[in-house]
Number of protein chains: 2
Amino acid sequence: MKYKIDITISLKGGMLDPEARAIQHALSNLGFNTENLSTARVFKIDLEAEDKDAARARSEEMCERLLANPVIHSYTIEVRE
Amino acid sequence: MKYKIDITISLKGGMLDPEARAIQHALSNLGFNTENLSTARVFKIDLEAEDKDAARARSEEMCERLLANPVIHSYTIEVRE
């Protein structure tokens with residue numbers, strides 16, 4: 001069965017995000033005042049797996065082994081059919 | 001009123017995404033075979049606006065003027081209270 005997986009990787013709370021600060025500053029210079037801004041990265045993956053649980057387990061393994069840095073990143077996984 | 005906005009910026013269909021190909025290749029080397037992989041960038045913004053429509057309009061303007069490159073990117077905007 002094919003699954004569509006969205007893996008969202010963001011910095012853990014408390015981690016400095018200089019890129020987000022730079023973007024917030026640039027937006028502010030253009031007249032857009034934002035109260036808070038954070039960035040995240042999304043990987044949209046099409047995966048063949050036996051069932052939804054297997055797809056999720058495999059995605060978690062991908063995060064742990066390659067996509068995320070567990071020291072600084074947290075991630076969420078959304079599995080759709 | 002405060003709104004939480006998720007702006008997702010991805011490459012338009014047909015644009016080459018060498019980073020996604022590299023990640024897919026690296027995953028494959030680790031034994032994770034994916035059928036397709038694409039990347040996107042998310043900006044999570046807290047914004048003060050009069051109503052939901054105003055928040056969305058302001059977010060669109062941010063995309064057009066700074067966050068996205070309209071030539072190569074498409075974007076979706078999600079507004080929550």
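Which residue is the bridge partner of A40(A) in β2(B)? Keep that question in mind while the whole complex is on the screen, and remember that this is a predicted model. The predictor gives the complex an ipTM of 0.89 together with a pTM of 0.91, and in chain A the pLDDT averages 96, with 100% of the residues scoring at least 70.

**First stop: the strands between the chains**

Select residues 36-48 of chain A, which form strand β2, and display them with β2(B); the two strands run antiparallel and are joined by 11 bridges. Now zoom in on A40(A), whose bridge partner in β2(B) is V42(B), and then on T39(A), which stands opposite F43(B) in that strand of chain B. As you look along these strands, it may help to recall that in a regular strand the side chains alternate between the two faces of the sheet.

**Second stop: the interface as a whole**

Widen the selection to every residue in the contact, which takes 30 residues from chain A and 30 residues from chain B. Between them the two chains bury about 2900 Å², with 60% of that area on carbon and sulfur atoms. Colour F32(B), E35(B) and R41(B) separately, for these supply 20% of the area that chain B buries against chain A, more than any other three residues.

Next, look for the polar features, where the rule finds 14 residue pairs in polar contact across the interface of chain B and chain A, both residues being at pLDDT 80 or more. On the side of chain B that touches chain A, the elements giving two or more residues are α1 (18-29), β2 (36-48) and α2 (52-67) of chain B. Of these, β2(B) gives the most, with 13 residues, and the residues of this side of chain B divide into 14 nonpolar, 6 polar and 10 charged.

The rule also finds 4 salt bridges across the interface of the two chains. To see a salt bridge between the chains, show the side chains of E35(B) and K2(A), which meet at 3.3 Å, N to O.

**Third stop: inside chain A**

Hide chain B and select strand β1 of chain A, residues 2-11, which pairs with β2(A) in the antiparallel sense over 9 bridges. A useful landmark on this pairing is Y3(A), which stands opposite L47(A) in β2(A). Then add strand β3 of chain A, residues 73-80, with which β1(A) pairs in the antiparallel sense over 8 bridges; here T8(A) has T76(A) as its bridge partner in β3(A).

**Last stop: inside chain B**

Bring chain B back and select β1(B) with β2(B), which run antiparallel and are joined by 9 bridges. Within this pairing I9(B) stands opposite R41(B) in β2(B), and R41(B) is one of the three residues coloured earlier for their share of the area that chain B buries against chain A.

Finally, a search of the whole structure finds 12 salt bridges over all chains, among them the one in which the side chains of K4(B) and D46(B) meet at 3.4 Å, N to O. K4(B) lies in strand β1 of chain B and D46(B) in strand β2 of chain B, so this pair ties together parts that are 42 residues apart in sequence.

Technical notes: Residues are numbered from 1 along each chain as its sequence is written. Chains are lettered from A and ligands numbered from 1 in the order in which they are written. Side-chain values use heavy atoms; hydrogens and water are left out. Contact means heavy atoms within 4.5 Å. Buried area is the accessible area (1.4 Å probe) that two parts lose on being put together, summed over both. A polar contact is a pair of N or O atoms within 3.5 Å; within protein, one must be able to donate a hydrogen and the other to accept it, and residues adjacent in sequence count only if both atoms are side-chain atoms. Helices (H or I, at least four residues) and strands (E, at least two) are DSSP runs, numbered from the N terminus. Ala, Val, Leu, Ile, Met, Phe, Trp, Tyr, Cys and Pro count as nonpolar, Asp, Glu, Lys and Arg as charged, and the others, Gly among them, as polar. Two strands pair if DSSP finds at least two bridges between them. pLDDT is the predictor's confidence in each residue, from 0 to 100.
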